[in-house]
Every structure is written in C-alpha cells, then in structure tokens.
Amino acid sequence: MRDLPAYTAVYTEAPSKIGEINLDKMPKKLRKWEVFPGKNRFHCNGRIMMARQTGIFYLTCVLIVVTSGLFFAFDCFYLAVHVTPAIPAIGAVIFIFVMATLFRTSFSDPGVIPRATPDEAAEIERQMEIPNAGSPGTYRPPPRTREVVVKGQVVKLKYCFTCKIFRPPRASHCSLCDNCVERFDHHCPWVGNCVGRRNYRYFYLFILSLSVLCIYIFACVLTHLILRAQQDNFLNAMKDSPASVLELVICFFSVWSLIGLAGFHSYLVSSEQTTNEDIKGSFTSKRGQESFNPYSRGSIFKNCMTVLCGPTPPSLLDRRGFVIPDSSQTSDMGTNTNCDQVMIPVDTVNNSNVTKHDMISYQGPDGVMNKLPPSNGVGPPTCAGRKNHIWDMTLNQLNYSGRYGVLPTTAIKVQSSYTTDDLKSVVTHSTDSEQKIVSRGVSTDF
C-alpha cells in the first residue's frame, strides 16, 4: 500500500483538561484584507490597497521626485535671484499637489465590488436555472445577461463567473486585479492601481497637475539656460548646468504624452464617459440604431462638476473588519475538546462502499448525463471544482462545504504520513459520527 503524502495530515493539540484555555493554541483573528480573494497588496493593516504589479508605480515616483529635485537644487536658486522668488514657491505647491493626488489614486479602493457569498451565488444560479425547468429532457445554457433600462436606454448586465454576480451598469472585471470595479475606467500601471468610481477624480487631477508641472519645469529650465547664455554662449551655459539639460530631456519627451492623456480624459469628463466605454463604443451608432449616453448630465459644465465636485461613495469593502468563522465549523470543533484534529483527503482511502459522491450526476451542455469529476489524487475535489459551478452548487445543496470531521486521538497516532491500512482500521473501529474523512473543509460520510 502506498503512503499518503505528508502534507495531508494536520495535527492540533488539545488542552489537557476540559475547560483549560491554551492561549498559544487559540486561532488568530484574521482581518478581511488578509483573506481577500483579489490580486491586491495591502499595507498599513489594510489601510492601503494597491495592485500586485507596483514596479512601474515606483518608476513614476522616481521620475517625478528626481526631476523636481534637480529643478529645486540647480535652477530655482538662480531664478529666484535673477527673476522672482515666487518661482520656487509655485513649483513646490504644484509638486506637493501632484504627489498628493498620485498617492490618493494609488493607495485607495477604486470601487471594488465584493464577491457573492456561497449562499448568494447558489441563489443566483437557482434563478438562472428556472427557465430551463419547464422543458425536461432538453438543456439550454442559462442566460448570462440581464437587461435594465436607464433613461430609456437598454443596458445589459453581464454575469461575472469569478465574482458570481451580475455586474452593475458601467462596472467591469479587471483581469490584473481580479476584481469587479464600479465605473471601471482602466487599469493604470503607472499609478499601480485600477481607476474606477472612487479614485477617477484624483487620477484626472494627477495627470492634469503633472502636465502643468512638466510644462512649468521645462519653461523655467529653458529660461535659466537662456539667461546664462546671455553672459556667454549657449553651449557653455549647458556645460555650467548639466542637470538642467537632463531636466529638459525628461520633460521634453514626457510632456507630449502627458498633454495628450490629459486632453483625452478632459474629453471623457466633459462627455461623462469612461475609457472602457469609449474604446468599446458603447454609446455610438451600432447596426443603424442611434445610441446615446444615459449617464450624461446634459451639459459639459454639469458633467465636469459631477466628476470633480461630486461626493465620493464609501468603500464597499470592510478591509479592516475581522473574519467571522462559519457557525458549523465553530460548533463541530468546539465539541471535541480532547481530540487531535486530523484532515486527510478522501480520494486516498480505498473504500468498497458507494459514497454520495458516486450517486450524484448532472446533465451537461450536450444533454448527456455525467458523473461528478473524481479527484485525480493531487488534491481534494474542491480544487478541480472551483471552476465548475455545477460541482460547487451540488456541494452547497448537500450542505457539505465548511464541515469538519474529527478522528479521535485513541484511534490513530499522529504521524507525518499515514498508510491506507491505518485509515481502514480507523474507519472500522470508529462510531457512525466519527466515520468522516475530511479534505480541506469538504466532508464525505461513508
């Protein structure tokens, strides 16, 4: 008989006496940001939320800080003496505003929509399967879109297979962050975050102020070199201040893209559109039918005021809240105070009896009746079933998810690995309530 892999056994010591509390063995309270399913990074105990790919964000910070630092160190003093002392003060105000809007855009929740709970996902699946209930023997894929009317315009709500929800209007799923975001504009690697409903205003102010800062530094540095060239030639002026030449090169190649980006987003703000909607052509003429933007306020001024001065909606994520354990898990584990907890995959046990897993079947898209996919021996059935909504829905209906079984301490010794013969002896000598083999929260009775 082959031995079970060592990682399948999890051992937890119980207190020696009933009622004794072992503080070292008590589970640590987890905050919700620690178990967040999206691909995000959190800092400062969940207060800062960013994407995982933050390398380009640090490059953005370095370019802004280095260019501005060279300007304040090598150009401002000369210009303050020969032109006006207001030049360094104005540059400092613009620089602080740029960095503040950048950090506000990068460190905030862009408007992530929480994923559906298992009960909510099962209810949505049930509602989508209702239209097929009246036609036995035939299978039609359930509808994955819904339609709502916004100011007389029909808007389709698409179903997200990852978040298990129908996305609200203007929302979209970001493949890099793996989240559905309200009023999704785009994912910007330069700020290291998605741009959505809650941080688009600060993103727009960031690129607008950065364009102004770039033009301001370019004009001041050019003025500095021209004033020096009046005393000598222009080539000697460049030799006397090489840092100014570096600033000119950086600003010259950056200002064109910044001005173009600021102009494009100014057009989006004035028309109350997002980058995602503009690229897809959501409100343009399609198939001979006129389509208008139902989210526009009717005038450019009102659209700009909505984006720049409208209230910021609260975050839908309780990032710093504590994770509440499942009541079934708490009750099952709380009744076994003098036991060692062992978790072992189901598929490694050779059992001749028919299990409930073998009795479950479902109808596939082609109309053929199929059995539930068995485990391949690498991991538990839930690993293969996470992308199969039929498997997950079946487990929810049988109330198998989130249940733990416990093997008594006297039945088997805690080792790094177990053989199949050991498991058979445990199942043979245990009671009915103890005949459970548990695999990552999914229990199966024999």
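Four exercises follow on side-chain pairs and a helix crossing in a predicted model.

**Exercise 1. Salt bridges across the sequence**

Task: What ties Asp318 to Lys32, and how many residues apart in sequence are the parts that the pair ties together?

Solution.
- Step 1. Apply the cut-off: a side-chain nitrogen of Lys or Arg within 4 Å of a carboxyl oxygen of Asp or Glu. Asp318 and Lys32 come to 3.7 Å, N to O, and so form a salt bridge.
- Step 2. Place the two residues. Asp318 lies in the loop between helix 9 (300-309) and helix 10 (327-334), and Lys32 in the segment before strand 1 (40-43), so the pair ties together parts 286 residues apart in sequence.
- Step 3. Check accessibility. Asp318 is partly exposed at 46%. Lys32 is partly exposed too, with a relative accessible area of 36%.
- Step 4. Set the pair in context. By this rule the model has seven salt bridges.

**Exercise 2. Two more bridges and a network**

Task: Where do Asp178 and Arg115 lie, and which residues share a salt-bridge network with Arg170?

Solution.
- Step 1. Take Asp178 and Arg115. Their side chains form a salt bridge at 3.1 Å, N to O. Asp178 sits in the loop between strand 7 (172-174) and strand 8 (179-181), and Arg115 in the loop between strand 3 (112-113) and helix 4 (118-129). The two are 63 residues apart.
- Step 2. Compare with the cut-off for burial, under 20% relative accessible area. Asp178 has 17%, so Asp178 is buried. Arg115 has 26% and counts as partly exposed.
- Step 3. Take Glu277 and Arg170. Their salt bridge has an N to O distance of 2.8 Å. Glu277 belongs to helix 8 (residues 275-280), while Arg170 is in the loop between strand 6 (165-166) and strand 7. This pair spans 107 residues.
- Step 4. Apply the burial test again. Glu277 is buried at 7%. Arg170 is buried at 15%.
- Step 5. Follow the shared partners. Salt bridges join Arg170, Arg183, Glu272 and Glu277 into one network.

**Exercise 3. Helix 1 against helix 7**

Task: At what angle do the axes of helix 1 and helix 7 cross, and is the crossing left-handed or right-handed?

Solution.
- Step 1. Take the axes. Helix 1 (residues 55-74) and helix 7 (residues 242-271) have axes that come within 10 Å. They cross at roughly 145°.
- Step 2. Assign the hand. The crossing is left-handed.
- Step 3. List the contact residues. Helix 1 brings Thr67, Leu70, Phe71 and Phe74. Helix 7 brings Ala243, Leu246, Glu247, Ile250 and Cys251.
- Step 4. Sort them by class. The contact has seven nonpolar residues, one polar and one charged.

**Exercise 4. Aromatic pairs**

Task: Which geometry does the pair Phe36 and Phe42 have, stacked or edge-to-face?

Solution.
- Step 1. Count the pairs. The structure holds 13 aromatic pairs.
- Step 2. Read the geometry of Phe36 and Phe42. The ring centres are 5.5 Å apart and the planes are at 80°, so the pair is edge-to-face. Both Phe36 and Phe42 are buried.
- Step 3. Take Phe252 and Phe253. Centre to centre they are 5.4 Å apart, with 85° between the planes, again edge-to-face.
- Step 4. Check their accessibility. Phe252 is partly exposed at 38%, whereas Phe253 is exposed at 61%.
- Step 5. Look for a cluster. Ring pairs link Phe57, Tyr58, Phe103 and Phe107.

How values were computed
Residues are numbered from 1 along each chain as its sequence is written. This is a predicted model: local features need pLDDT of at least 70, side-chain atom pairs count only at pLDDT 80 or more; totals for chains, interfaces and linings use all residues. Side-chain values use heavy atoms; hydrogens and water are left out. Helices (H or I, at least four residues) and strands (E, at least two) are DSSP runs, numbered from the N terminus. Buried means under 20% relative accessible area, exposed over 50%, partly exposed in between (1.4 Å probe, protein chains only). Axes are lines fitted to C-alpha atoms, for helices over the stretch in contact, and angles run from 0 to 180 degrees between N-to-C directions. A crossing is left-handed if the near helix is turned anticlockwise from the far one by less than a right angle, and right-handed if clockwise. Contact means heavy atoms within 4.5 Å. Ala, Val, Leu, Ile, Met, Phe, Trp, Tyr, Cys and Pro count as nonpolar, Asp, Glu, Lys and Arg as charged, and the others, Gly among them, as polar. Rings of Phe, Tyr and Trp (its six-membered ring) pair if their centres lie within 6.5 Å; planes under 30 degrees apart count as stacked, over 60 as edge-to-face and the rest as tilted.
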